[in-house]
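The following explanation leads the reader through one molecular structure, from its overall layout to the contacts between its side chains. The sequence and the structure are shown first.

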Amino acid sequence: MKNALSTERLVALLKCLMAAYLITGVLLLLVAGLLYKFSLGEKVIDISIIVIYCISSLLAGLFFSKGASSRRFIWGMFAGAAYFAVICAVSAVVEPDFAPISNSSITTLLICLGSGMLGGMMG
């Protein structure tokens, strides 16, 4: 029975991550369109990406914690960590000079963990 529960939670996590990355993709396309139309500055783009990370991690934490009976904030934080792990994996493949231990990576990790935890508390 315990394995079935673990498998259920893993499937739920994968569904939540797929939804979070779908939202991320749509929001990034929106920002790209705004960049093309209005020639936004680099600072605006950086802030937009941080906001997108926050929204996506929050929603992943919210959706993933719905199936938990207790300690939803931990499940939400776990969803944020998984969201960050995928970002790191893709970044490592796409960018050969990617440094997983850097100020920006740690900041992104904390943003994803905090947003996921907040989403879990809201769930």
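**A walk through the helices**

Arg 71 lies in the loop between α2 and α3. The model in which this residue appears is a predicted one. The phi angle of Arg 71 is positive, near 50 degrees, although the residue is something other than glycine. Arg 71 is also exposed, with a relative accessible area of 59%. A comparable description applies to the loop between α1 and α2, where Ser 39 is found. Ser 39 is not a glycine, yet it has a positive phi of about 50 degrees. With a relative accessibility of 62%, Ser 39 counts as exposed.

These two loops belong to a chain whose secondary structure consists of four helices and zero strands. Read along the sequence, the pattern is α-α-α-α. The C-alpha trace spans about 55 × 30 × 20 Å along its principal axes. The chain has 123 residues, of which 30% count as buried.

Two of the helices may be considered in turn. Helix α2 covers residues 42-65, which makes 24 residues. From its first C-alpha to its last it reaches 35 Å, close to the 34 Å expected at 1.5 Å a residue. Its buried residues include Ile 45, Ser 48, Ile 52, Tyr 53, Ser 56 and Phe 64. An α-helix has 3.6 residues a turn, so residues three or four places apart point the same way. Leu 62 also has its place in helix α2. Leu 62 is buried, with a relative accessible area of 15%, because the limit for that class is under 20%. From Phe 38, Leu 62 is separated by 24 residues in sequence and by 33 Å in space, C-alpha to C-alpha.

Helix α3 has 23 residues. The distance from its first C-alpha to its last is 33 Å, close to the 33 Å expected at 1.5 Å a residue. The buried residues of α3 are Gly 76, Ala 79, Gly 80, Ala 82, Tyr 83, Phe 84, Ile 87 and Cys 88.

What links the helices through their aromatic side chains? The structure holds four aromatic pairs. One of them is formed by Tyr 21 and Tyr 83, which are stacked, at 4.5 Å centre to centre and with 15 degrees between the planes. Tyr 21 lies in helix α1 (residues 2-38) and Tyr 83 in helix α3, so this pair ties together parts that are 62 residues apart in sequence. The two partners are covered to unlike degrees: Tyr 21 is partly exposed, with a relative accessible area of 25%, whereas Tyr 83 is buried, with a relative accessible area of 0%.

Another pair consists of Phe 64 and Trp 75. Their ring centres are 5.6 Å apart and their planes stand at 75 degrees, so the pair is edge-to-face. Phe 64 lies in helix α2 and Trp 75 in helix α3, so the parts tied together here are 11 residues apart in sequence. Phe 64 is buried, with a relative accessible area of 1%, while Trp 75 is partly exposed, with a relative accessible area of 31%. Beyond the pairs, Tyr 21, Tyr 53 and Tyr 83 form one aromatic cluster.

Which rings have Arg 9 over them? The charged end of Arg 9 sits over the ring of Phe 64, 4.1 Å from its centre. Arg 9 also lies over the face of Trp 75, at 4.5 Å from the ring centre. Both rings of the edge-to-face pair are therefore involved with Arg 9.

The surface remains to be described. A nonpolar patch of about 480 Å² is made there by Phe 73, Ile 74, Leu 118, Met 121 and Met 122. Helices α3 (72-94) and α4 (103-122) each supply at least two residues of this patch. The largest share, three residues, comes from α4. Leu 118, one of the residues of the patch, lies in helix α4. Leu 118 is partly exposed, with a relative accessible area of 40%.

Definitions and conventions: Residues numbered from 1 in each chain as written. Predicted model: local features only at pLDDT ≥ 70, side-chain atom pairs only at ≥ 80, totals over all residues. Heavy atoms only, no water. Expected span 1.5 Å × (residues − 1). Buried < 20%, exposed > 50% of the residue type's maximum accessible area, 1.4 Å probe, protein only. Patch = residues over 30% accessible without salt bridge, like charges linked within 9 Å, V, L, I, M, F, W, Y side chains within 5 Å. Areas by Shrake-Rupley, 256 points an atom, 1.4 Å probe, with all protein chains shown as cover. Salt bridge = Lys/Arg side-chain N within 4 Å of Asp/Glu carboxyl O. Phe/Tyr/Trp six-rings, centres within 6.5 Å; stacked < 30°, edge-to-face > 60°. Lys NZ or Arg CZ within 6 Å of the ring centre and 35° of its normal.
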